[in-house]
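Please look over the sequence and the model below before reading on. The report that follows takes up strand pairing, a surface patch and charged side-chain pairs.

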Amino acid sequence: AYLGLCKKRGAGNVSSGDNIGRFSFTGFDGVNFLEAASINCFVDGVVNTQNDMPGSLVFSTTADGASSPTERMRINNLGDVGVGTTAPTYYGGNFRTLEVAGSAGNDGGIFSTVSADNAVKAYFYTESTSDTATIGTVTNHPFLFRTNTGERMRIDSLGRVGIGESSPAANVEVTHGTGAGTLLLNNASGSKTDGALNIAVK
């Protein structure tokens, strides 16, 4: 069984921007029924031919103190997702986008809380006032970089950097792994021998 919402324009096809389905969630405030949230489906592009029906889903909620919903998230016909923006950026090709924008349309970020007691918190956000992008931890925990599931570098809660080292004892600590050396500085031409500095601890 399924529930289908259908729409057409008389004998003609629907057009870009047409709302073709809506779910509304309302509650009684003591005087009136007011909408707390809604999910809408729109035609998201030109319907050129038969078997062509681009669509988007729009999720809206009503803020505290308000009486009508505001759009919070949109999934467009490409599968790009916008949170706080009605037009998530399309980068071309097979790229898919999750774009998070702040209430002013400038600042936005992703905040992650891990563990049952909310002990570990991390974020990635952009800030328009300083034109910066920030990534890191909010709590007293290290920030790790991994490739192929293995830890390669970390910044501990004191700001010390460990490369190949999970417990750095200095501002920067590099632990020897495999290869010619632990630290290799190339010259301007990219040569690893002529004018290069190779520091290895055996």
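## Strand pairing, surface patch and salt bridges

Val 81, in S5, is the bridge partner of Ile 75. In this predicted model, that contact belongs to the pairing of strand S4 (residues 70–75) with strand S5 (residues 81–83), which run in the antiparallel sense and are joined over three bridges. Both strands are part of an open sheet of six strands with mixed pairing, arranged in the order S1-S2-S3-S4-S5-S6. Strand S1 (19–28) and strand S6 (98–100) stand at the edges, and because each has a single partner strand, one side of each is left without a neighbour in the sheet. From one strand to the next, the twist averages 20°.

Edge strand S1 contains Phe 25, a residue that is partly exposed, with a relative accessible area of 44%. Together with Leu 3, Leu 5 and Phe 23, Phe 25 forms a nonpolar patch on the surface, and the four residues have about 410 Å² of accessible area together.

The count of salt bridges comes to six, and the table lists three pairs, including their distances.

| Side chains | N to O distance |
|---|---|
| Arg 9 and Asp 18 | 2.7 Å |
| Arg 74 and Glu 71 | 2.8 Å |
| Arg 96 and Asp 80 | 3.0 Å |

The pair of Arg 96 and Asp 80 links distant parts of the chain, 16 residues apart, with Arg 96 in the loop between S5 and S6 and Asp 80 in the loop between S4 and S5. Asp 80 counts as buried at 0% relative accessibility, whereas Arg 96 is partly exposed at 42%. Asp 18 is likewise buried, at 8%, while Arg 9 is partly exposed, at 44%. In the remaining listed pair, Arg 74 is buried, at 17%, and Glu 71 is partly exposed, at 24%.

Notes:
Residues numbered from 1 in each chain as written. Predicted model: local features only at pLDDT ≥ 70, side-chain atom pairs only at ≥ 80, totals over all residues. Heavy atoms only, no water. Pairing = 2+ DSSP bridges. Helix = DSSP H or I, 4+ residues; strand = E, 2+ residues; numbered from the N terminus. Axes fitted to C-alpha atoms, helices over the stretch in contact; angles between N-to-C directions. Patch = residues over 30% accessible without salt bridge, like charges linked within 9 Å, V, L, I, M, F, W, Y side chains within 5 Å. Areas by Shrake-Rupley, 256 points an atom, 1.4 Å probe, with all protein chains shown as cover. Buried < 20%, exposed > 50% of the residue type's maximum accessible area, 1.4 Å probe, protein only.
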